[in-house]
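Me: Could you take a close look at one part of this model for me, the place where two neighbouring helices pack? I'd like the geometry and the contacts, plus some context from the rest of the chain.

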Amino acid sequence: VAMACEHIASRCGWLDNEHAYVVGLLHDVGRFPGRISERHLIEGYRRCMEHGWDEAAKICISHAFMIQDIGTSIGIFDMPEEDRRF
């Protein structure tokens with residue numbers, strides 16, 4: 001994913017290749033607990049926010065949705081209801 005982000009950024013004059021690469025690396029950081037489904041979105045968000053990486057946090061929590069509608073998810077919401085509502 002990081003390499004794809006870097007490649008796309010290199011073709012856009014307004015995106016930074018290195019920045020895109022790093023954000024691509026971090027997009028699934030929420031999978032650190034192991035085999036999880038949609039829970040990785042909020043886990044990644046929290047982990048990035050702990051480090052002050054706000055932009056990466058936003059990507060972690062939103063990258064699974066092609067449009068802004070949580071109902072479009074094809075994954076399993078393997079998290080508490082409170083986290084899903086968040």
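Reply: A quick definition before the geometry: a helix axis here is a line fitted to C-alpha atoms over the stretch in contact, and angles run from 0 to 180 degrees between N-to-C directions. Keep in mind that this is a predicted model.

With that in hand, take helix α3, residues 39-50, and helix α4, residues 54-62: their axes come within 7 Å and cross at roughly 175°. Angles over 145 count as roughly antiparallel, so α3 is roughly antiparallel to α4.

Now for who touches whom. On the α3 side, the residues in contact are L41, G44, Y45, C48 and M49. Facing them from α4 are D54, A56, A57, K58, C60 and I61.

Zooming out, the pair sits in a chain with 5 helices and 0 strands, so if you walk along the sequence you read α-α-α-α-α. The C-alpha atoms fill a box of roughly 40 × 25 × 20 Å along the principal axes. Of the chain's 86 residues, 27% are buried. As for contacts between residues at least 6 apart in sequence, 39% join residues at least 24 apart.

On the surface side, the chain exposes about 6100 Å², and carbon and sulfur atoms supply 56% of that area. If you're thinking about electrostatics, the chain has 9 positive and 14 negative charges, and the mean positions of the two sets are 4 Å apart.

Definitions and conventions
Residues numbered from 1 in each chain as written. Predicted model: local features only at pLDDT ≥ 70, side-chain atom pairs only at ≥ 80, totals over all residues. Heavy atoms only, no water. Helix = DSSP H or I, 4+ residues; strand = E, 2+ residues; numbered from the N terminus. Buried < 20%, exposed > 50% of the residue type's maximum accessible area, 1.4 Å probe, protein only. Contact = heavy atoms within 4.5 Å. Areas by Shrake-Rupley, 256 points an atom, 1.4 Å probe, with all protein chains shown as cover. Lys, Arg positive; Asp, Glu negative; His and termini not counted. Charge placed at Lys NZ, Arg CZ, Asp CG, Glu CD. Parallel < 35°, antiparallel > 145°, perpendicular 65-115°, else oblique.
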